[in-house]
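Q: Please take me through one part of this structure up close, beginning with a single residue and working outwards. I'm new to this, so spell out the terms as you go.

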Amino acid sequence: MADKTTLAAHRAEHRQPLVRVVRKNDMPAYKSTLLRIGAFVVALVAGGLFILCIGQNPFDVYGTILNGSFRTSMAIQATVKIAVPLLICSLGLTFAFKMNFWNIGAEGQLIMGAICATPIALYLDGLPRPLVLILMVLAGMIGGGIWALIPAIFKVRFGTNETLFTLMLNYIALYMIMYFREGPWRDPNTPAYPQIKYFSQNARLYEVLGVHIGWIIALVLVILVYIYLNKTKQGYEISVVGESQATARYAGMNVGRIVIRTMFISGAVCGLAGVIQISGADYTLADSVAGGVGFTAIIVAWISRLNPFVITLVSALFAILEKGCSVMQSTFQISTTASEVLQGVILFFILGFEFFTRYALVFRKRGGK
C-alpha cells in the first residue's frame, strides 16, 4: 500500500511542469528603470561579442554607428526620416493594444494609406499644393482605417482571430501595390521595367529644417494620442475594454462599437504614416513603402508600454540603430546579413529583459510544489 502511495506521489510530481511563467505584480518604477538600463548594457556587451567574432573592434563599430547617425546634417535628416513612420505606426498600434486587440496589420494599413493617397498625387496634382496634400492625408487615413475595420467587424460579429486576420491583410495590401504597378498606374515612360511614376512637386510635403513636415505632424500626434487615451471618455472606455470586456458591458458600454471605432482610429493613424512616407520620402508608390516598419512598430509599442512619450524615445533609438548600422556596413565592409544579426542580437536581449519586468519563472520544487 505504501509503495502505491509513493508511486502515485511520484507520478503527481512529474505531472507538474518543471517551469511555469507567473505574472508579477507591478514592479516599482526605479526597479524597472534599472532593469531596462541593465538590458541595454547587456545587449551592447552581447553585440560587442558578436562584433569580435566577425573580426572587428566593438568600440570602433559602436562609435561608427553613433557617429553615422549624426555626423552631418544629411545624416540627421536621414535618421529623422527613418524615425517618423516608425513613431506614427507605433502610436497607431497603441490604440489597438490598449484594448487588447492584437493588431498585427500596421504594415498593411500603412500600405493602404499610401495606395489610397496615390491616385490623388497622380491625377489631381493640378490642384493647389495645400489642397492636394490635404486630400492625400484624408484619403490615406480613410484607407488605413477601413483596412483595420475589416478584422474589427469580423472580430465583433463572428469572433475571428484578429492576429491572423490582420497579418494576412498585410500581404493582400502588398500584392495590391504590385497589381497597380504592373497595371493601371504603370509609368509608360519606363517600358523596360514596371514602375509608378514619381509625384510632382504639388504632391510632395513641405520641408522644415531640411526634413519634410512629417516630423512635426508626428510630434503633434504624440501629444494628441496621450490626451485622447488619458484625458477623454473614449480613452477611458478603451482602457476598460482592455482590462475586461465583461466589466465594460456591466458598466453599460457598447464593446462592439468601441472596438470598431478604436480600430478605425488605429488604422487611420497607420495610414497617415503611409501618406507621409510616399509624399515626404519616396515620392512614389513602391512595394518597399512599408519596409517592415509595421512589424518593428509592434516591438516599439510593446517595449514602451504604450506610453506615447516613451514611444518617441524608443523610435528615435531604433532609427539611430538602423541608420548607424547602414553606415557601419559600408565603413567596415560588413555584409548586410551581419548588420542585421547585430541588430537582432541587441533587440533579443532588450526584449528578453523586458519580459522579466512583467513575468517570473517559477521552478518546480521537490514534492511537485
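A: Let's start at Lys155, which is partly exposed because its relative accessibility is 30% (under 20% relative accessible area is buried, over 50% is exposed, and partly exposed is in between, using a 1.4 Å probe and protein chains only). Before going further, some ground rules: this is a predicted model, where local features need pLDDT of at least 70 and side-chain atom pairs count only at pLDDT 80 or more, while totals for chains, interfaces and linings use all residues. Residues are numbered from 1 along each chain as its sequence is written, and side-chain values use heavy atoms, with hydrogens and water left out.

So who does Lys155 pair with? Its side chain meets that of Glu162 in a salt bridge, at 3.0 Å from N to O (the term means a side-chain nitrogen of Lys or Arg within 4 Å of a carboxyl oxygen of Asp or Glu). Glu162 is our main character. With a relative accessible area of 7%, Glu162 counts as buried, whereas its partner Lys155 is partly exposed. You'll find Glu162 in helix α7, which covers residues 162–182 (helices are DSSP runs of H or I with at least four residues, numbered from the N terminus).

Glu162 has further neighbours. Leaving aside residues up to four places away in sequence, Glu162 touches Asn100, Phe101, Trp102 and Lys155 (touching, or contact, means heavy atoms within 4.5 Å). Look at Trp102 in that list: its backbone nitrogen lies 3.3 Å from a polar atom of the Glu162 side chain. So this one acidic side chain has a salt bridge with Lys155 and also a polar atom facing the backbone of Trp102, while being buried at 7%.

Now stay in this neighbourhood and look at some rings. Across the whole structure there are 7 aromatic pairs (rings of Phe, Tyr and Trp, the latter by its six-membered ring, pair if their centres lie within 6.5 Å; planes under 30 degrees apart are stacked, over 60 edge-to-face, and the rest tilted). One of them joins Phe154 and Phe165: the ring centres are 5.1 Å apart and the planes sit at 55°, so this pair is tilted. Phe154 belongs to helix α6 (residues 129–158) and Phe165 to helix α7, so the pair ties together parts 11 residues apart in sequence. Phe154 is partly exposed at 34%, while Phe165 is buried at 17%. Ring pairs also bring in Phe158, giving a cluster of Phe154, Phe158 and Phe165.

For contrast, try Phe180 and Trp185. Their ring centres are 4.1 Å apart with planes at 15°, so that pair is stacked. Both rings belong to buried residues: Phe180 has 17% relative accessibility and Trp185 has 12%.

Back to charges for a moment. The whole structure has 4 salt bridges, and Glu162 with Lys155 is one of them. In another, Glu182 meets Arg181 at 3.7 Å from N to O; Glu182 is partly exposed at 44%, but Arg181 is buried at 17%. A further one brings Glu237 and Arg261 together at 2.9 Å, N to O. This pair links distant parts of the chain, with Glu237 in helix α9 and Arg261 in helix α11, 24 residues apart. Glu237 is buried at 12%, and Arg261 is partly exposed at 26%. Shared partners also join Arg181, Glu182 and Asp287 into one salt-bridge network.

Finally, zoom out to the nonpolar side. The largest nonpolar core has 76 residues, and those with the most contacts inside it are Ile88, Ile115, Met136, Ile278, Leu285 and Val289 (a core is a set of buried Ala, Val, Leu, Ile, Met, Phe, Trp, Tyr and Cys residues joined through side-chain atoms within 4.5 Å). Helix α11 gives the most to it, with 11 residues. A second, separate core has 11 residues, including Val61, Cys325, Met328 and Ile334. In soluble globular proteins, nonpolar side chains tend to be buried together. Set beside those cores, remember where we began: Glu162 is an acidic residue that is buried too, at 7%, with Lys155 as its salt-bridge partner.

Definitions and conventions. Helices (H or I, at least four residues) and strands (E, at least two) are DSSP runs, numbered from the N terminus. A polar contact is a pair of N or O atoms within 3.5 Å; within protein, one must be able to donate a hydrogen and the other to accept it, and residues adjacent in sequence count only if both atoms are side-chain atoms.
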